[in-house]
Amino acid sequence: PYHVNINQNLFLEAALHSSDPNLQLFLHTCVATPTPHNSTTRAYAIIQNGCVKDPTYYTYYSPYRHILRFKFNAFQFIRSNPEVYLRCELVVCRAYDYSSRCYQGCVRRRKREASS
């Protein structure tokens, strides 16, 4: 556990440990939940499909493709215990593969057309 105050900046770093220098990381999804279980009923999206959902989220520059650095403000779920669990999904891509998910960035789902 890591203890922070409400609205305090929470700094995170993710690193890929590999002998292949041509790999890079992409933060695909990062959600917070009030329980450690993989529940989506009360999940709060910070990043979803590579798109920033939390206005306090900020990405920091990293000189290395295999390291991601970011921050957001700590919060607490209303009418819940004071614990918040963070679950992030990262994608590993080949560097300079412009067709990979890492280079697509934010992908918003298109709305489906209603048929008659």
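Here are a few worked exercises on this predicted model, covering its disulfides, its strands and its largest pocket.

**Exercise 1. Find the disulfides and work out how the cysteines are connected.**

Step 1: Apply the cut-off. A pair of cysteine sulfur atoms has to lie within 2.5 Å, and by that rule the count comes to 3 disulfides.

Step 2: List the pairs. Cysteine 30 goes with cysteine 88 at an S to S distance of 1.9 Å. For cysteine 51 and cysteine 106 the distance is 1.8 Å, and for cysteine 93 and cysteine 102 it is 2.2 Å.

Step 3: Number the bonded cysteines along the chain and read off the pattern, which is 1-3, 2-6, 4-5.

**Exercise 2. Say which parts of the chain are tied together by the disulfide of cysteine 30 and cysteine 88.**

Step 1: Start from the bond, which joins cysteine 30 to cysteine 88.

Step 2: Place both ends. Cysteine 30 sits in strand E2 (residues 23-33) and cysteine 88 in strand E7 (residues 85-94), so this link ties together parts 58 residues apart in sequence.

Step 3: Check accessibility, with buried meaning under 20%. Cysteine 30 comes out at 0%, so it is buried. Cysteine 88, at 28%, counts as partly exposed.

**Exercise 3. Do the bookkeeping for the disulfide of cysteine 51 and cysteine 106: where are its ends, and what is its handedness?**

Step 1: Look at the bond itself. The link of cysteine 51 and cysteine 106 has 90 degrees about the S-S bond and is right-handed.

Step 2: Locate the ends. Cysteine 51 belongs to strand E4 (residues 51-52), while cysteine 106 is in the segment after helix H1 (101-104); they are 55 residues apart, so to speak of distant parts of the chain is fair.

Step 3: Add the accessibilities. Cysteine 51 is buried at 2%, whereas cysteine 106 is partly exposed at 36%.

**Exercise 4. Decide whether cysteine 93 and cysteine 102 are buried or exposed.**

Step 1: Take cysteine 93, whose relative accessible area is 5%; that makes it buried.

Step 2: Take cysteine 102, which has 9% and counts as buried too.

Step 3: Add the geometry: the link of cysteine 93 and cysteine 102 is right-handed, with 90 degrees about the S-S bond.

**Exercise 5. Trace the pairing from E2 through E3 to E4.**

Step 1: Pair E2 with strand E3 (residues 44-48). They run antiparallel and are joined by 3 bridges; valine 31 has alanine 45 in E3 as its bridge partner.

Step 2: Carry on from E3 to E4, an antiparallel pair with 2 bridges. Here isoleucine 47 stands opposite valine 52 in E4.

Step 3: Inspect the turn. The hairpin of E3 and E4 has 2 residues between the strands, and asparagine 49 takes a positive phi near 55 degrees.

**Exercise 6. Give the strand order of the open sheet of 3 strands and name its edge strands.**

Step 1: Read the order, E1-E6-E5, with antiparallel pairing.

Step 2: Pick the edges. Strand E1 (9-15) and strand E5 (58-60) each pair on one side only.

Step 3: Note the twist, which averages 25 degrees from one strand to the next.

Step 4: Zoom in on E1 and strand E6 (residues 67-73), which share 7 bridges in the antiparallel sense. Phenylalanine 11 stands opposite lysine 71 in E6.

**Exercise 7. Describe the largest pocket and its lining.**

Step 1: Get the volume: about 530 Å³.

Step 2: Count the lining, which has 17 residues; Tyr2, Val4, Pro82, Glu83 and Val84 lie nearest the centre.

Step 3: Sort the lining by type, giving 13 nonpolar, 3 polar and 1 charged.

Terms used
Residues are numbered from 1 along each chain as its sequence is written. This is a predicted model: local features need pLDDT of at least 70, side-chain atom pairs count only at pLDDT 80 or more; totals for chains, interfaces and linings use all residues. Side-chain values use heavy atoms; hydrogens and water are left out. Helices (H or I, at least four residues) and strands (E, at least two) are DSSP runs, numbered from the N terminus. Buried means under 20% relative accessible area, exposed over 50%, partly exposed in between (1.4 Å probe, protein chains only). On a 1 Å grid over the protein atoms alone, a cavity is a set of points where a 1.4 Å probe fits but cannot get out, and a pocket is an open set with protein on both sides within 12 Å along at least five of seven lines; lining residues have an atom within 4 Å of a point. Grid points are joined across faces, edges and corners, and a volume is the space filled by probe spheres set on the points. Ala, Val, Leu, Ile, Met, Phe, Trp, Tyr, Cys and Pro count as nonpolar, Asp, Glu, Lys and Arg as charged, and the others, Gly among them, as polar. Two strands pair if DSSP finds at least two bridges between them. Axes are lines fitted to C-alpha atoms, for helices over the stretch in contact, and angles run from 0 to 180 degrees between N-to-C directions.
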